[in-house]
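Here are my notes on this structure. Please read them with the coordinates open.

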Amino acid sequence: MAHRNIKIAVTAVVLASAFGFMMWTTLREGAEYFKHVDEVVAQRPTLEGKKLQVQGYVIPGSILHNSNTLEYRFKIQNNPIRAGEPGNVINISFTGQPPDTFKDEAEVVAHGQLRSDGGFDANQVIAKCPSKYEAAGGTPGQAKS
Amino acid sequence: MANLGTFLLLASFVICAYATVASVVGARRGSRRLIESGIGGLYLVAALMAVATAVIINAFLTDDFSIRYVAQESETLQPFFYKITAYWGGLNGSIMFWVFLLSVFGSVAVFINRERHRELIPYVVATISTVEAFFLYLMVVHKNPFSTYLTPAPVDGTGLNPLLQNYWMAIHPPSLYTGFVGMTIPFAFGLAALITGHLDDSWLRAVRRWTMVAWLFLSFGLMLGMIWAYEVLAWGGYWGWDPVENAAVLPWFTATAFLHSVMVQERRSMLRVWNVTLVILTFFLTIFGTFLTRSGVVASVHAFGDDPQLARLFTAFMVVILTFSFGMVIYRLPLLKARAELDSWVSREAAFLANNWILLFCAFFVAFATMFPTMSEAVTGTRMTVGPPFFNKWMLPIGLVLLFLTGLGPMLAWRKSTVDNLLNTFAWPVGALVVTVGGLAALGLTQWASLTCFALCAFVFTTILQEFWRGAKVRRKNTGTDLVTALIGLVARNKRRYGGYIVHVGIVLIFLGFAGNAYKRDVTKVLNPGEQMTVGAYTARNDQVKVIEDGQKQSIVAYISVFKGGKQIDTMYPSKALFKKHQNEPPRTDAAIRRGVAEDLYLVLASFELGSQAITLNVVINPLVNWVWFGFGMLAFGTGIALLPESTFSFATAKIASPETVTTTIALLIVAMLLGAPRSASAQHMEMPGSITEPKSDLERKMRDEIACTCGGCAHEPLSKCICGQASQMRDDLRTDIDAGLSHDQIISSWIAKYNGEHFLAMPLDRGFNRLAWIFPYLLGGAGVVGLGFVAMRWSKHPGESQPSEVPSTDAGMNQRLDDELRNLD
C-alpha cells in the first residue's frame with residue numbers, strides 16, 4: 001500500500017510540475033500588462049516593446065480618421081474630462097474597425113505596443129460601456145481573436 | 001400588484017426557512033409529520049413562485065411601469081414576445097426566474113423520489129430550501145423585482161436592451177438556467193446521502209438522470225448563447241472566452257466528467273469519493289458562475305454590472321457551501337472507500353479516469369485563466385490579463401486529447417484489454433485515421449491542429465460505427481432478425497450506452513466545426529458606392545445604403561450584391577439598428593449571414609456614411625460553422641435516447657397500454673407546438689382602424705405588412721398602417737393583383753419591375769439568410785417525434801421481448817462481452 005501511494009505521489013508531483021512549468025511559460029507569452037495612462041507614462045522604459053493594454057479616455061476632438069482607409073489616430077488621457085485633472089496623454093495610432101462605442105470621451109482599452117517615441121501602436125481598440133445590461137447596452141466590439 | 005409580488009417573495013422566503021427547519025428536525029426526531037410538512041412547504045414555495053411569476057408577466061403585458069423593473073426592461077411598443085422574455089432580461093428578474101425554476105424542479109424531484117428514497121428526502125428538501133432561501137433573501141433585501149418608484153411612475157419604460165431582443169437570446173437564459181438549477185438536485189441528493197450516511201449507490205441512481213437532464217439543458221443553453229453571439233454581436237465568431245461564457249461552461253465540464261465516472265462506480269464500485277466531489281463541484285460552479293456574471297468581479301461584455309454588496313453575499317454563500325459539503329465528505333471518508341482497484345491501465349475505467357482528469361483540468365484551467373486578471377491584481381498589485389489566444393493555446397491540444405479518448409474509451413474492455421482484443425478493434429478506426437490524414441494532406445491542408453482534428457473525427461466516428469455494427473451483428477445472430485431490426489433492438493435494449501454513442505457523434509460534429517475555424521477568412525474594407533471587394537470565392541459590391549424606420553427603431557441597411565464565380569448569387573443586407581429608447585447607446589449591429597453546409601458568408605456593416613453612401617464592410621467566411629449547431633442537435637437526440645431507459649423497462653414489463661397513450665400524447669403535443677409556433681407569430685400583426693379597408697385574405701394582410709408606402713412623407717410605414725393617399729392607391733393595386741390570382745412571389749417580382757427596385761419592401765427580402773437557423777428547432781422537434789414514434793412502436797409490437805433470448809452464437813467472444821455489458825449497465 002505504501003509503495004503504491006509513493007508511486008501515486010510521484011506521478012502527481014511530476015504531472016503537476018510539468019503543467020506548472022508549461023503554464024508559466026505560456027503565461028509569460030500570453031499575459032499582457034493592463035495599465036492606466038499615468039502608469040504607462042511613468043514606467044515607459046520598462047514597458048517599451050511589451051504586450052500592453054492601456055486604459056484611458058478619448059480626448060474630445062482628437063480622433064482623426066482617414067475616411068478612405070481604416071487608419072485612426074487619437075489621444076487618450078488618464079482621467080475623464082469631468083474629473084477636472086486630465087492626467088497624462090498618449091497618442092495612439094490604430095488601423096482597423098473600432099467598435100460603435102468608440103467616440104469622444106469614451107473609456108477605451110487599447111491593445112498593442114508602446115513605441116520608443118512614446119506613441120502607442122494599437123492592433124485592437126475596445127470601448128467600454130459605462131454600465132452593462134442593467135440600464136445600458138453591452139459592447140458589441142467584442143474581443144476579436 | 002407590486003405589493004402582492006413583494007408579499008409572495010417574502011412568504012416564499014419564510015416558508016423556505018420553515019421547510020428547512022421542519023425537515024431537519026423531523027429527520028432527527030423521526031417525526032413523519034414534520035417531514036411531510038417540510039415537503040409540503042417545498043411544494044407551496046413552487047406554487048407561490050408560480051403566482052409571483054404570473055404577477056410579473058402580467059405587469060409586463062399590461063405595461064405597468066409603476067414597477068421599476070418593468071419600466072427598465074420593457075416599453076409599450078416592445079413586441080409581445082419580448083415583453084414576456086423581459087422577465088429574465090435584467091438582474092432582479094433573472095434571480096426570481098432562477099428561484100421559480102428551482103422550486104419547480106425541486107418539487108418534481110422530491111415528488112418522484114419521496115417513496116423510493118425516503119431516508120434521503122428530508123435532507124434533500126432542506127438543501128433545496130436553503131438554496132432557494134438564499135436567492136429569495138437576495139431579492140427581499142436587495143434586488144426586489146417588484147420594487148416601485150417613490151416618485152411618480154414614468155409614462156413609458158426604457159425598453160429591453162436591443163441586444164437581448166433576439167430570438168435566440170429570448171430562449172437562451174431559460175435553457176441555461178434550467179441546466180444550472182438542475183444541478184442543484186444531484187447536489188441535494190449527494191449531500192443528503194453524506195449527512196445520513198446512506199452512501200450505497202442508490203443515491204447515484206436517483207441523481208444520474210437528473211444530471212443528464214440538466215446537462216442537456218446546459219449544453220443547449222450554451223449552444224443558444226453561441227448562436228446569439230454569432231448573430232448579434234457581429235464579430236464573426238461564436239466563442240471568445242469571455243468570462244461569462246467561461247462561467248457557463250465550467251459546470252458543463254464537471255457535469256460531463258460526472259456522467260462518465262458515475263458509470264465506473266456503477267460497474268466497479270470505484271471512484272466513490274470522486275463522484276460525490278464532482279457533484280458538489282458542479283453545483284458550486286453553477287453558483288460561482290452566477291456570482292461571476294452578477295457581481296462585477298470580472299469585466300465582461302455580458303455581465304450585469306458592478307455590485308459589491310451582492311458579491312459579498314455570494315462569497316459568503318460559496319464559502320458555506322464548500323466548507324459544509326467538503327467537511328461532510330471528509331467526515332464520511334470511511335464509508336466512501338472504494339470496493340475495487342484499478343486492474344490495468346489498458347481498461348475502460350482507466351480511460352474514464354483519464355477523461356475525468358482532463359475535463360477537470362479544463363474546468364480548473366478555464367477558471368484560473370478567467371480569474372487571472374483579478375488574482376494577479378490581488379497578489380502583485382499589477383493587473384495582467386490573458387486573451388483568447390492564451391485559452392486557445394491550451395484548450396486546443398486538450399480538446400484533441402479528449403476527442404481521441406472519446407474514440408478510445410468504448411474500444412477498451414472493462415478491467416483489462418488483451419492484445420488480441422486491441423488489434424481486433426483498432427484496425428478499422430486507425431485505418432480511417434490514416435486515410436483521412438493522407439487524403440487531406442494530398443488536398444494541401446497543412447494546418448496541423450485542424451488536420452489532427454479531422455483525422456481524429458474520422459477515427460472516433462469509425463469506432464462508433466464499429467460499435468453499432470458489431471452489436472447489431474451479434475444481436476442479429478441471437479434473435480434471428482434482419483440487421484435493421486437488430487440495430488433498433490440493440491439501441492432499445494441499451495439506450496444509455498448507444499444514446500451515449502450518438503452524443504459522441506454530436507461531439508465529433510462539433511469538433512468538425514471547430515476545426516473549420518482554422519480556415520476562417522476575415523477582411524475589412526471601405527467601399528464607396530459601386531465598389532466591390534473579393535474575399536475567397538466571394539465578391540461583395542456596395543449597391544446602396546438606406547434608412548428604414550419602424551416604430552421602435554431606425555435601421556441603416558446596406559444592400560450588398562454578392563457574386564461567386566462571376567454570377568450574382570445573392571443580395572445581402574447587413575444593418576445597424578438604432579433603438580429610439582436607447583438613443584445614447586451604440587446601435588445594434590445585425591450581421592447578414594448566408595448559411596451553407598460547407599461555409600457561412602458573414603457580412604457586417606462596420607460603419608457607414610449616409611451622405612457619400614460609403615460603408616466599411618467586414619466580410620467573414622466561416623467554414624463548417626453550421627456543423628457545430630448540427631452537432632448540438634445530435635447531442636440532444638442522443639441524450640434523449642439515453643434518458644428513456646428506466647421508465648421504458650418498467651412500462652414494458654408492467655403495463656402495455658399506457659405507454660402508447662403517453663407517447664402519443666407527447667408526440668401530439670410536440671406537433672401542436674410545431675404548428676402553433678408560426679401561428680402565434682403571425683398573430684402579432686395588428687388590425688388597423690379608420691380609412692384602411694379590411695384585407696380580404698391572409699395573403700393580403702401579410703403582404704400589407706411586407707410592403708411599405710413609397711410616398712416619402714410617412715417614414716416608410718407599411719401599407720397596413722399608413723393612411724396617406726399613395727398608400728391607399730398601393731393597397732388597391734395589391735388587391736387587384738391578389739384578385740388576379742397572382743402568388744406572393746409573383747406579386748413581389750412584378751412590383752420590383754414596376755417600382756424599379758426593392759425599396760417598396762418594408763424589410764429587405766430574406767433569401768437564404770437565416771433559413772438554416774429557423775429550420776433547426778423544427779429539425780429537433782422532428783427528431784424528437786421520430787424518436788418517440790419509434791419507441792412507441794417498439795413497445796406496442798414486442799411487449800414480451802424485453803428479456804434477451806438465449807440463442808447459441810458462433811461469435812462467442814464478442815457475444816459474451818456484449819451480454820456482459822448489457823446485463824450490467826442498467
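1. Status and strand link between the chains. This is a predicted model, and the points below should be read with that in mind. Strand 1 of chain A (residues 31-36) pairs with strand 1 of chain B (residues 383-386). The pairing is antiparallel and has four bridges. One pair to check is A:Tyr33, whose bridge partner in strand 1 of chain B is B:Met384.

2. Strand 1 of chain A, other pairing. Strand 1 of chain A also pairs with strand 2 of chain A (residues 51-58). Here the sense is parallel, again over four bridges. A:His36 has A:Gln55 of strand 2 as its bridge partner.

3. Onward from strand 2 of chain A. Strand 2 of chain A runs antiparallel to strand 4 of chain A (residues 71-77), and two bridges join them. A:Tyr57 is bridged to A:Gln77 of strand 4. A:Gln77 also has a bridge partner in strand 5 of chain A, namely A:Val89.

4. Strand 4 of chain A and its other neighbours. Strand 4 of chain A and strand 5 of chain A (residues 89-95) run antiparallel, joined by seven bridges. Strand 3 of chain A (residues 64-65) pairs with strand 4 of chain A as well, antiparallel and over two bridges. A:His65 is matched with A:Tyr72 there. Five residues make the hairpin connection from strand 3 to strand 4 of chain A.

5. Domains of chain A. The assignment splits chain A into domain 1 (1-31) and domain 2 (32-127). Their centres, taken over C-alpha atoms, are 40 Å apart. Strand 1 of chain A covers residues 31-36, while domain 1 ends at residue 31 and domain 2 begins at residue 32. Please look at that boundary.

6. Chain B overall. Chain B contains 26 helices and eleven strands. Of its 826 residues, 47% are buried. Take the contacts in chain B between residues at least 6 apart in sequence: 73% of them join residues at least 24 apart.

7. Domains of chain B. Four domains are assigned: domain 1 (1-161), domain 2 (166-413), domain 3 (519-626) and domain 4 (698-755). The centres of domain 1 and domain 2 of chain B, over C-alpha atoms, are separated by 25 Å. Their contact takes 25 residues from domain 1 and 28 residues from domain 2. On the domain 1 side, helix 4 (80-85), helix 5 (91-113) and helix 6 (121-141) of chain B each supply at least two residues. Helix 5 gives the largest share, ten residues. By type, this side of domain 1 has 17 nonpolar, seven polar and one charged.

8. Helix 14 of chain B. This helix spans residues 388-411 and has 24 residues. Its first and last C-alpha are 34 Å apart, close to the 34 Å expected. Where does helix 14 of chain B bend? The bend is at B:Met395, by about 30°. A proline, B:Pro397, follows within four residues. The buried residues of the helix include B:Phe390, B:Phe391, B:Trp394, B:Leu402 and B:Leu403.

9. Strands 5, 7 and 8 of chain B. Strand 5 (residues 553-564) and strand 7 (residues 575-579) of chain B are antiparallel partners over five bridges. B:Val557 is bridged to B:Ser575 of strand 7. Strand 7 of chain B also pairs with strand 8 of chain B (residues 588-590), antiparallel over three bridges. In strand 8, B:Thr589 stands opposite B:Lys576.

Notes: Residues numbered from 1 in each chain as written. Chains lettered and ligands numbered in written order. Predicted model: local features only at pLDDT ≥ 70, side-chain atom pairs only at ≥ 80, totals over all residues. Expected span 1.5 Å × (residues − 1). Bend = angle between axes of the 7 residues up to and from the residue. Buried ≥ 20, exposed ≤ 12 C-beta atoms within 10 Å, placed from the backbone. Pairing = 2+ DSSP bridges. Contact = placed C-beta atoms within 7 Å. Domains from an automatic or database assignment. Nonpolar A, V, L, I, M, F, W, Y, C, P; charged D, E, K, R; others polar.
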